[in-house]
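Trainee: Could you take one part of this model and go through it closely? I would like to see how that part sits in the whole.

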Amino acid sequence: MDKFDYNLLLIHIPGFQHIGDFLTIRNMMVGIAPEIRTLIASRSGDTLQLPDNALETINSLPTLIFSPAPLGLPDQFRGTRLIAQSTTKMKEYGLLASENLPFPKSNHISTLADLDDLDLGERFVIKPNKGKQGEGVILVTASACKDIVRSRYGESNLDLIAQKAINTGLKPASYRVFTVLGEIIYSVKYESRTVDVEQSIANSNFAPIAANSTQDRFMELVEDQEVLALAKRIHQKFPMMPVMGQDIVRDVDTQALYVMELNSGGWTWHLSSNFGNRYRAQFKLDYYGQFNALETITKALARSTIARAS
């Protein structure tokens, strides 16, 4: 009979991770850390589908529970929980500030009056405090910002961020670095191919500015060592966050790097998500091969399980 010292429970959500990723991790774990028993549970709606006798098995040994997306688990499960938690951009900026990590100056906007005296320059970015895929991220002129916000969002009960604009070049550009337990899994650069920021500003006093908007973007794998070093350093500062989809930009004038979002709330496992599959195919992106993704994840999970299972 196999002798195990630890349990590792992986939570799979169909459509957001392919089950094959977790099956491969389980198989690799046999060779990398045979003292770890790896179990896989799948979530369907609000139901968690577990192997037979899973609760008894999990509670028999120190356990680490890993989920790259938010979910609730019954209290009777023992173990250290590395589970993505829904959050806001402003909370993430607070975490970055606490560790003196670089991000653009940002102000929370709940009413139009909050747009007064921002000291963010003649142009700045407006974005939702909660959002995804660059939706609603615009560069605005200070003189027209109130009218633009009023027309798009209203005058009160707002949940927006006004943020210092970073010049990333003639076309908006950014990096997405996917990290798991502090390890680099892949790094891709986004670049908008059709947005004419200056023309849009001249015409309308605002322009879409998110390079990772799902429309009209180009994507390629890159290995910018400064970007990778920053992403690794950031995730290692927050070891309780299982995954991050860090969005990082470079100021073309100063070459300084800034973190735009951590995306620590999960839903970023685009190695095999339905969303990610579309772009992996379109741009021929080898997320698995760039940094040997599944072996890197397996080793990180092994280290975390041995060090932190309870």
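Mentor: Start with overall size. The chain has 310 residues, and a compact globule of that length would have a radius of gyration near 19 Å; this chain has 21 Å, which agrees. That radius is taken over C-alpha atoms, and the globule rule is 2.2 Å times the number of residues to the power 0.38. This is a predicted model, so local features need pLDDT of at least 70 and side-chain atom pairs count only at pLDDT 80 or more, while totals for chains, interfaces and linings use all residues. Residues are numbered from 1 along each chain as its sequence is written, and side-chain values use heavy atoms, with hydrogens and water left out.

The C-alpha trace spans about 70 × 40 × 35 Å along its principal axes. The chain has nine helices and 15 strands. These are DSSP runs, numbered from the N terminus: helices are H or I with at least four residues, strands E with at least two.

Now the close look: helix 3, residues 89-98. Its Lys89, Glu92, Tyr93 and Leu96 are buried. They share one side of the helix, because they cover an arc of only 100 degrees around its axis. The arc is that of the directions from the helix axis to the C-beta atoms. On the other side, Lys91 and Ser98 are exposed. Buried means under 20% relative accessible area, exposed over 50%, and partly exposed in between (1.4 Å probe, protein chains only).

What does the buried side meet? Its residues pack against strands 6 (106-109), 7 (123-128), 9 (160-164) and 15 (257-261), and against helix 6 (225-237). Contact here means heavy atoms within 4.5 Å. After helix 3 comes Asn100, with a positive phi near 55 degrees.

Helix 3 also meets a pocket. The largest pocket is lined by 38 residues; Gly131, Lys132, Asn263, Gly266 and Trp267 lie nearest its centre. Helix 3 is one of the elements giving two or more residues to that lining, and strand 11 (183-192), strand 13 (217-221) and helix 7 (274-283) do so too. Helix 7 gives the largest share, four residues. A pocket, on a 1 Å grid over the protein atoms alone, is an open set of points where a 1.4 Å probe fits, with protein on both sides within 12 Å along at least five of seven lines; lining residues have an atom within 4 Å of a point.
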